[in-house]
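Reader: I would like a close look at a single helix. Please cover its ends, its buried side and its place in the core.

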Amino acid sequence: MKILKDNKGMTLVEVLVSIAIFAIVAIPLLGIFSQSAVTSANSKIKTKEATIAQTIAENIKGGIVKDNLDLAQIVNDFEKEGFLTYVERKTSIGDLSQYQIKVGKIGSNTPMYILYVMAPKTEITSYVPVEIPSEEDHSGDGSGSNDVIKRVVDLITIVIIATWTALFLGFVVVTLGWNEFTKTKILTIANTVVNMVKEDVTSLKEIGTKASEIAGVKVPWWLKWW
């Protein structure tokens, strides 16, 4: 008795479908990562700007900063980190003055953070940075390097998820065949994976379990990357 073996492998159509599916899944995921990275970086900048502005405001209200020289000493370290500060006395009522404090990050495309504060009148009328610090002066605390490393790791994670998803969807197509029913499952799985990544779910086991439930197909051993 002969045992028939099917060694034909994937057809050209199946390969093309898999490639198309990979593109459909990978592009949105990479776009999400890129936008998320930009948003996260801008958020950190705005938080730092707010902290600097609040620090200056508290020093003015506390009488520690009384003139431009005092202010220059306070903002010196911030300028080394690439944050520029502008302070202007807007109005005065008796012994109180309203100060406008603006803080911005060099090279940032986000608007400067602006804070208004009422404080005892000082000799400060207008303060602007004496000079913009050079890139060599931006010693910082190493957070920039850490951010780059984190972004690279996140990008690798997204690529792995996109690759796994594309391979699994290709497996689903080969297993169930290409029809409207399968197409619906494919789109549902793709949307689910995208939404899970948006919610910071990057565990392949969780993604694989959910995708398997939707497809009604068990994850093959060669796709169990967890």
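Author: Start just past the helix end. D200 follows α4 and has a positive phi, near 65°. Helices here are DSSP runs of H or I with at least four residues, numbered from the N terminus.

A word on the basis. This is a predicted model, in which local features need pLDDT of at least 70, side-chain atom pairs count only at pLDDT 80 or more, and totals for chains, interfaces and linings use all residues. Residues are numbered from 1 along each chain as its sequence is written, and side-chain values use heavy atoms, with hydrogens and water left out.

Helix α4 covers residues 180-198, 19 in number. From first C-alpha to last it reaches 27 Å, close to the 27 Å expected at 1.5 Å a residue (1.5 Å times one less than the number of residues). At its start, a side-chain oxygen of N179 comes to within 3.1 Å of the backbone nitrogen of F181.

Now the buried positions (under 20% relative accessible area, 1.4 Å probe, protein chains only). They are T182, K185, I186, I189, A190, T192, V193, V194, M196 and V197. In an α-helix, with 3.6 residues a turn, residues three or four places apart point the same way.

I189 and V193 also belong to the largest nonpolar core, of 21 residues. Such a core is a set of buried Ala, Val, Leu, Ile, Met, Phe, Trp, Tyr and Cys residues joined through side-chain atoms within 4.5 Å. Both are among the residues with the most contacts inside it, a list that also includes W164 and F168. α3 (143-176), α4 and α5 (204-215) each give two or more residues to this core. The largest share, seven residues, comes from α3.

Note on methods: Buried < 20%, exposed > 50% of the residue type's maximum accessible area, 1.4 Å probe, protein only. Polar contact = N/O pair within 3.5 Å; in protein donor to acceptor, adjacent residues only side chain to side chain.
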